[in-house]
Amino acid sequence: MRARYGVPLGIAAAGAAGLVYAAGFEVRSFRLRRVTVPVLPAGMRPLRVLQVSDIHMVGGQRKKQRWLRSLAGLRPDFVINTGDNLSDPEGVPEVLDALGPLMDFPGAYVFGSNDYYGPTLRNPARYLLEKSAGRHGLNGNPPVTGVVHNPWEDLRDGFDAAGWLNLTNTRGTLKFEGVTVELTGLDDPHIKRDRYARVAGGPSEDADFSMGVVHAPYLRVLDSFTADGYPLILGGHTHGGQLCIPFYGALVTNCDLDTDRVKGLSRHTAEGRTSYLHVSAGCGTSRYTPVRFACPPEATLMTLVGRE
């Protein structure tokens, strides 16, 4: 009996325990990542940037809402929201309430596909199949039909009313305490809404500092930002892999970015230039896959300092 069934039962028990941990604990174990990025001109005072991403709000997620509200206590210089705020068409009021204290600070945002469309039930194995076939999002896959349209206009209006900059395929400028920060943003490349030609040309000479902002860190976008001379690019979308293998890391990124850069700070090189890239693992999940393993939900507080 033991020789025949002991190992399979042990594997099943370990799998069940891992699922309970991933769905019951880690998915609500919110963390703050802190990084220092040497990208500012020499002599410029440090800037504190809070990045929130991939909230994927579903009604009733009270702990997530409380944690997001608590981030205002960090008192950043400005806030960047890199999209996918929704996983529920009814979630807009709760997103705006949770981010309300942060909207007292200067900020800007881009949207992700889940802000525009409701999530669909998918077999997680499809992400591995798409990766092996080199297909990601609408890039190589047929357009999605029959999806739920989220009330993204209400979300946009709430952010705009608070004074946050809408960076949908456009540029914007934040000015505070004598500092001018230029932000260049794109709509979501995952669903082919990015239009880099509208913002091409690189940083303007009038800004003290310039950076790129996008939801999904596809290589074509990273190449364009880097070649144009932006020293820092912020993205989200990947969920850090969401289900990772301890001591190994992520299996997928849900885009064409390599898994070594699925979350955190790294570098990207294109046309002889190098930019820093920060990818947030985000603080939520799709409502249909509410689990995380070896990849806690997060926000990031970046301290930008002078170049080395």
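The following legends describe close-up views of a predicted model.

**Figure 1. Overall composition of the predicted protein model.** The protein contains seven helices and 12 strands. Of its 308 residues, 52% are buried. Among contacts in the protein with a separation of 6 or more, 77% join residues 24 or more positions apart.

**Figure 2. Packing of helix 3 against helix 6.** Helix 3 spans residues 92–99 and helix 6 spans residues 152–161; their axes come within 10 Å and cross at roughly 20°. Because angles under 35 degrees count as roughly parallel, helix 3 and helix 6 are described as roughly parallel to each other. Their crossing is right-handed. Helix 3 contributes Val 92, Val 95, Leu 96 and Leu 99 to the contact, while helix 6 contributes Asp 154, Leu 155, Gly 158 and Phe 159. Sorted by class, the residues of this contact comprise six nonpolar, one polar and one charged.

**Figure 3. Packing of helix 2 against helix 3.** The axes of helix 2 and helix 3 are 7 Å apart, and the two helices pack at an angle of about 35°. On the helix 2 side, the contact is formed by Arg 62, Gln 65, Leu 68 and Arg 69; on the helix 3 side, by Glu 94, Asp 97, Ala 98 and Leu 99. The residues of this contact comprise three nonpolar, one polar and four charged. Leu 99 of helix 3 also takes part in the contact with helix 6.

**Figure 4. The largest nonpolar core.** In soluble globular proteins, nonpolar side chains tend to be buried together. In this model, the largest nonpolar core has 29 residues. The residues with the most contacts inside this core are Leu 50, Val 52, Leu 68, Leu 71, Leu 99, Leu 102 and Phe 159. At least two core residues are supplied by each of strand 2 (47–52), helix 2 (62–70), helix 3, helix 6 and strand 12 (298–306). Helix 3 provides the largest share, four residues. Two residues of the helix 3 and helix 6 contact, Leu 99 and Phe 159, are thus named again among those with the most contacts inside the core.

**Figure 5. Surroundings of Leu 71, and a second core.** Not counting residues up to four places away in sequence, Leu 71 touches Leu 32, Leu 50, Val 52, Leu 102 and Ala 299. Separate from the largest core is a second core of 25 residues, which includes Val 49, Phe 78, Val 179 and Met 302.

**Figure 6. Two histidines in the loop between strand 9 and strand 10.** His 237 is located in the loop that joins strand 9 (232–235) to strand 10. Although His 237 is not a glycine, its phi is positive, at about 80°. His 237 has a relative accessible area of 5% and is therefore buried, the cut-off being under 20%. His 239 is found in the loop between strand 9 and strand 10 as well. The phi of His 239 is likewise positive in a residue other than glycine, with a value near 60°. His 239 counts as buried because its relative accessibility is 9%.

**Figure 7. Ser 266 and its contacts in strand 10 and beyond.** Strand 10 covers residues 264–270 and includes Ser 266. With a relative accessible area of 15%, Ser 266 is buried. When residues up to four places away in sequence are not counted, Ser 266 touches Arg 261, Ser 275, Tyr 276 and Leu 277.

Notes: Residues are numbered from 1 along each chain as its sequence is written. This is a predicted model: local features need pLDDT of at least 70, side-chain atom pairs count only at pLDDT 80 or more; totals for chains, interfaces and linings use all residues. Side-chain values use heavy atoms; hydrogens and water are left out. Axes are lines fitted to C-alpha atoms, for helices over the stretch in contact, and angles run from 0 to 180 degrees between N-to-C directions. Angles under 35 degrees count as roughly parallel, over 145 as roughly antiparallel, 65 to 115 as roughly perpendicular and the rest as oblique. A crossing is left-handed if the near helix is turned anticlockwise from the far one by less than a right angle, and right-handed if clockwise. Contact means heavy atoms within 4.5 Å. Ala, Val, Leu, Ile, Met, Phe, Trp, Tyr, Cys and Pro count as nonpolar, Asp, Glu, Lys and Arg as charged, and the others, Gly among them, as polar. A nonpolar core is a set of buried Ala, Val, Leu, Ile, Met, Phe, Trp, Tyr and Cys residues joined through side-chain atoms within 4.5 Å. Buried means under 20% relative accessible area, exposed over 50%, partly exposed in between (1.4 Å probe, protein chains only).
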